[in-house]
Amino acid sequence: MAGESMRDVMIEARRPPNAHRGVVKWLQRNLFNGPLNSVVSVITISVLLWALWPLVQWALIQADWLGDSRQACSGEGACWVFISARFESIIYGFYPEAARWRVDIVFALMAGLLAWLAIPRIPGKRWAAIIAVIGFPVAAYVLLLGGHFGLMHVSTRNWGGLMLTLTVATIGIVGSLPIGIVLALGRRSNMPLVRAVSVVFIEFWRGVPLITVLFMASVMLPLFVPTEVEFDKLLRALVGIMLFWSAYMAEVIRGGLQAIPSGQDEAGKALGLGYWHRMGLIVLPQALKLVIPGIVNTFIALFKDTSLVLIIGLFDLLAIIRAGLTDSDWLGFATEGYVFAALVFWVFCFSMSRYSQYIEKRLQTGHTD
Amino acid sequence: MSQATATSHGETPMIEMKGLNKWYGDFHVLRDIDLTVKRGERIVVCGPSGSGKSTLIRCINHLESHQQGEIVVNGMSMTQDVKRIEQIRRNVGMVFQHFNLFPHLSVLENCCLSQTWVQKKPRAEAEKTAMEYLERVQIADQAYKYPGQLSGGQQQRVAIARALCMRPEVMLFDEPTSALDPEMIKEVLDVMIELAREGMTMLCVTHEMGFAKTVADRVIFMDQGQIIEEAPPETFFNNPRSERTKLFLSQILGH
């Protein structure tokens, strides 16, 4: 036969062969496909069970859940009564009891706004964004600090617990992103002065540890400014945290900017778009999308590092739990305290991580699906 | 391009370059370029790679800056002033080798972007114009897709429509078919030929000699940053004068 052939009937597209579905199939394919893999799977699962079982027993099965004093603790497992008895202070810190409803309102507003912004099915995103950027900060400021509209003034010295952690984290996150964007653009600018200022700023703040920044803000700054000018300690910490993280954010975003082909900017130029339009409409939307993992990574690091404010005497979630450990009625419950603190931090950070993955999928516009 | 503007400009050329020189560092890319493009003229620029042909047309809308000489586009002389550069760019459409569509925007949004932000047109009007031009490049049915979902030829046709939406007085093409699979080259060239027939002033850097023969009023051959030969297509292809041109033509037409 000569090596010639010709097809006169085209092949219709067919569906792919049935993918294996169901739990049993999944297990077969992924854990028990072959004798060696089966043995490895059994050993791994056994080791995991052996290592994790005592933790489950301690934290859940033998734990004490109910009660309001130390007497409720049996001593066999974790005593979560320690947490529930101090729950209010863990949430509100030293915020006066009579005014805690104000914190609750801010929490509720924040949760509502986040849901409004994050869930695509709820309409009116533009309004949500306007309220989140302008309305919410004003409302939160008035409600939390008081002193206006007949609300009792609550000094930031009394702020603490989860409420302080969330305040610092939210302001840090919301502040560092735009400053970071401006710095990243500045570092790539054609104007030598703008570029120099950005580079010096970024390298300075990235080069010092956050603890140093907080110490400088709380201890050294008052030495340099006249005594009549009194900055709030929390405000100083907030500014320090914001500037510190904006330097990191700038470098993450610069990475994204560099990944966008120059043809994109050129196409914008050719269409007559000015610098800010090209950046805002063409380059940044693509660059930011590309570095969502890096941005969220920075957010998560920022969120966890808020607990460093304890070294300048602010009582965030972790500090307030630590303070509880020294309560003579509750000596010896450090493990419960730290495990609970870790769990709260993990829930917030894991949520951010999941949401960012979801956003990445939603913004996908390429050919791949 | 309305009749009124065409007559009011009288016989001012569309593009005028005088004594243009450009260097990349020490490398002299453009050497003493003098070129005048009349209104409605179609010019094809060809030459070996590295001859400066892309750089030449990129100077016209200031994607590249030049160090010496003068460029006047549509009666406006090019300076370093950003506002003036942007004003010149509004009259000059450009199509790139790699399309450079905005991948995060749909085809329709790609075409509306500069209409809304540069020309400040209302959304509905911008979309109407966009659909008209997408219709003309025969891709209106893909208006709501993203560039990543289209073939190369389709993307390049969208890029042409996007440039036309600004109603430019001159169109620059920088190797518009070089990144395309062979079977898609024709669909893009057809659109360009159509555009030439409608009287658009065009400057095309291309190796498509068939296109040059069909539509060009003049063919310009460049080598080592200078214009070697300039002639109508019949003369250029049948009786090239320069040895370099003959060599170049034998290399691209010979096989």
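So, A:Leu177: buried or exposed? Neither, really: A:Leu177 has a relative accessibility of 26%, so we call it partly exposed, because buried would need a value under 20%. And keep in mind that this is a predicted model.

A:Leu177 sits in helix α7 of chain A. That helix covers residues 161–187, so to speak a run of 27 residues, and it spans 38 Å between its first and last C-alpha, close to the expected 39 Å. Most of α7(A) is covered, with 20 of the 27 residues buried.

Which residues does A:Leu177 touch, leaving out those up to four places away in sequence? They are A:Met249, A:Ile253, A:Ile295 and A:Phe299. Compare A:Val283, which is 106 residues away along the chain: its C-alpha is 16 Å from the C-alpha of A:Leu177.

Hold on to A:Ile253 and A:Val283, please, as both come back in the next bit.

Okay, helix packing. In general, you describe two packed helices by the angle between their axes and by how far apart those axes are. Here the pair is α10, residues 233–259, and α12, residues 275–290, both in chain A. The angle is about 120° and the axes are 8 Å apart. The crossing of α10(A) past α12(A) is right-handed. On the α10(A) side, the contact uses A:Ile253, A:Gly256, A:Leu257 and A:Ala259. From α12(A) you get A:Val283, A:Leu284, A:Ala287, A:Leu288 and A:Leu290. By type, that makes eight nonpolar residues, one polar and no charged.

Next, α11 of chain A, residues 262–270. Why do we say this helix is largely enclosed by the rest of the structure? Because seven of its nine residues are buried. Among the buried ones are A:Gln264, A:Asp265 and A:Glu266. And what covers them? Part of the cover is α12 of chain A, and chain B joins in with α2, α3, β6 and α6. Right after α11(A) comes A:Gly272, with a positive phi near 90°.

Last stop, chain B, and position 177 again. B:Thr177 lies in a loop, between β7 and α7 of chain B. Its relative accessible area is 5%, so B:Thr177 is buried. Setting aside residues up to four places away in sequence, B:Thr177 touches B:Ile185, B:Val188, B:Leu189, B:Thr206 and B:Glu208.

So that's the two 177s: A:Leu177 partly exposed, B:Thr177 buried.

Notes. Residues numbered from 1 in each chain as written. Chains lettered and ligands numbered in written order. Predicted model: local features only at pLDDT ≥ 70, side-chain atom pairs only at ≥ 80, totals over all residues. Heavy atoms only, no water. Axes fitted to C-alpha atoms, helices over the stretch in contact; angles between N-to-C directions. Helix = DSSP H or I, 4+ residues; strand = E, 2+ residues; numbered from the N terminus. Left-handed = near helix turned anticlockwise from the far one by under 90°. Contact = heavy atoms within 4.5 Å. Nonpolar A, V, L, I, M, F, W, Y, C, P; charged D, E, K, R; others polar. Expected span 1.5 Å × (residues − 1). Buried < 20%, exposed > 50% of the residue type's maximum accessible area, 1.4 Å probe, protein only.
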